[in-house]
Amino acid sequence: MTLKKRLLLCFIGCWALGYSQQVTLSPAAKISLITCGSGEELYATFGHSAFRVFDPILEIDVVYNYGTFDFNTPHFYLKFTQGKLLYSLSRQPFAHFIYEYEVENRWVKEQLLQLDASQTAHFFTFLETNYRPENRDYKYDFLFDNCATKMGEVLVRTFGDALRYDYTHLKEQYTFRELIHQNLKTNSWSAFGIDLALGSVIDRTATPQEHLFLPNYVMRQMQHATLGAKPLVLQERTILEEKGQETRPSFWLSPLFWLSLLLGLVLGITYRDYRKNTQSRWLDFILFFTTGLAGFVILFLWFLSEHTTTVSNFNVLWAFPLNIIVAFFLFSKRAKGSVLGLYMMVLCGLLLLALLLWVLKIQVFSPLLLLLLTALGLRYVFLHFHFKKAGH
């Protein structure tokens, strides 16, 4: 089921929830936190969190979901890129919600909160108030304001100082990048793309509270939270289990294969160019245009978007924006050899600077990037000597 269909199902399901905010829950009502496992699509990789309200007397069984957005939003992709896309709190029948995860073969766990009737009613009122059209939207932030962080925020705003989190169960603290990679396979385009797009700001160690941007850590934290003098979670159960049908992506479609192929091509063509004292202009145009274009995208995300995770991105050292202009000079031979030779030395220096920042862990790059950096470095060195010879 596509995300668009899921969102459509989510909104259509709301017709069945026509009860008003004035509903008074029965003493049998329960509220629980729902945690869902990761899925195959990138948007589902990190799992999901939501609240469930169940009242068997009033026949209410709904999920309050802070992870909803509308594909029909005007200029959707532009707003997403700029970090201006609004997410919303939606409300849907639990049966519809759980069906989506059953179809996608994702595990779902439920933690029943230990609340008395007054606390349950207060919590329900907060969710209903938050669901009003004027309150339900918020500006999404991958690390600091998402479906998982909303769980802790809602609990704190509902119960205040009576709610206590015990973070001592965290035996080790991770950087944001390390936390992200706990949900990704290194040899995947998702991991490679995230490491390319996100900057050095995610290479600092997250505080215990900041670990809660991931649903798994929220679930674990709930097991170590108290409300007053009692544990917050009364009971935990598994609603859905994975069926163990993991699909292995093809190696031939992986970034490791394609970057290795690129390195092999660059090595072979550069060796041929060296032997024949020539320059494969089409290869240089592709390399320089592609890295330059990537550099402009990185700069856009750094300076022209509101994403907090894409700033200070030193991938721009190897994906150098000026390369996109130099690509045309290389293809047409309109620049002087001495100028291009000097430019290649500058690029080599930027590659070494990127590697230094990597060693110092100022920014951690994808390990797969070593293949690309090697290919670029070899080509830059060859072009430096090629144009230096042509300049004499």
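A contact, as I shall use the word, means heavy atoms within 4.5 Å. With that in place, let me turn to the chain, which is a predicted model. Among contacts between residues at least 6 apart in sequence, 78% join residues at least 24 apart.

Next, the overall picture. The chain holds 13 helices and ten strands, and its C-alpha trace spans about 90 × 40 × 40 Å along the principal axes. Of the 392 residues, 48% are buried. The chain exposes about 20,100 Å², with carbon and sulfur atoms supplying 62% of that area. As for charge, there are 36 positive and 31 negative side chains, and the centres of these two sets lie 13 Å apart.

I would now draw your attention to helix 4, residues 117-130. Its 14 residues should span 20 Å at 1.5 Å a residue, and the end C-alpha atoms are indeed 20 Å apart, which agrees. At the N-terminal end, D116 acts as the cap: one of its side-chain oxygens lies 3.1 Å from the backbone nitrogen of S118. The buried residues of helix 4 include F123, F124, F126 and L127, and also E128 and N130.

Finally, two loop residues. Where does N277 lie? N277 is in the loop between helix 9 (255-276) and helix 10 (281-303). Its phi is near 55°, a positive value in a residue other than glycine, and N277 is partly exposed, at a relative accessible area of 48%. S312 belongs to the loop between helix 10 and helix 11 (323-332). Phi of S312 is near 50°, again positive in a non-glycine residue. With a relative accessible area of 23%, S312 is partly exposed, since that class begins where buried, under 20%, ends.

Terms used: Residues are numbered from 1 along each chain as its sequence is written. This is a predicted model: local features need pLDDT of at least 70, side-chain atom pairs count only at pLDDT 80 or more; totals for chains, interfaces and linings use all residues. Side-chain values use heavy atoms; hydrogens and water are left out. Helices (H or I, at least four residues) and strands (E, at least two) are DSSP runs, numbered from the N terminus. Buried means under 20% relative accessible area, exposed over 50%, partly exposed in between (1.4 Å probe, protein chains only). Accessible areas come from the Shrake-Rupley method with a 1.4 Å probe; for residues, only the protein chains shown count as cover. Lys and Arg count as positive and Asp and Glu as negative; His and the chain ends are not counted. The place of a charge is taken as NZ of Lys, CZ of Arg, CG of Asp or CD of Glu. The expected span of a helix is 1.5 Å times one less than its number of residues. A polar contact is a pair of N or O atoms within 3.5 Å; within protein, one must be able to donate a hydrogen and the other to accept it, and residues adjacent in sequence count only if both atoms are side-chain atoms.
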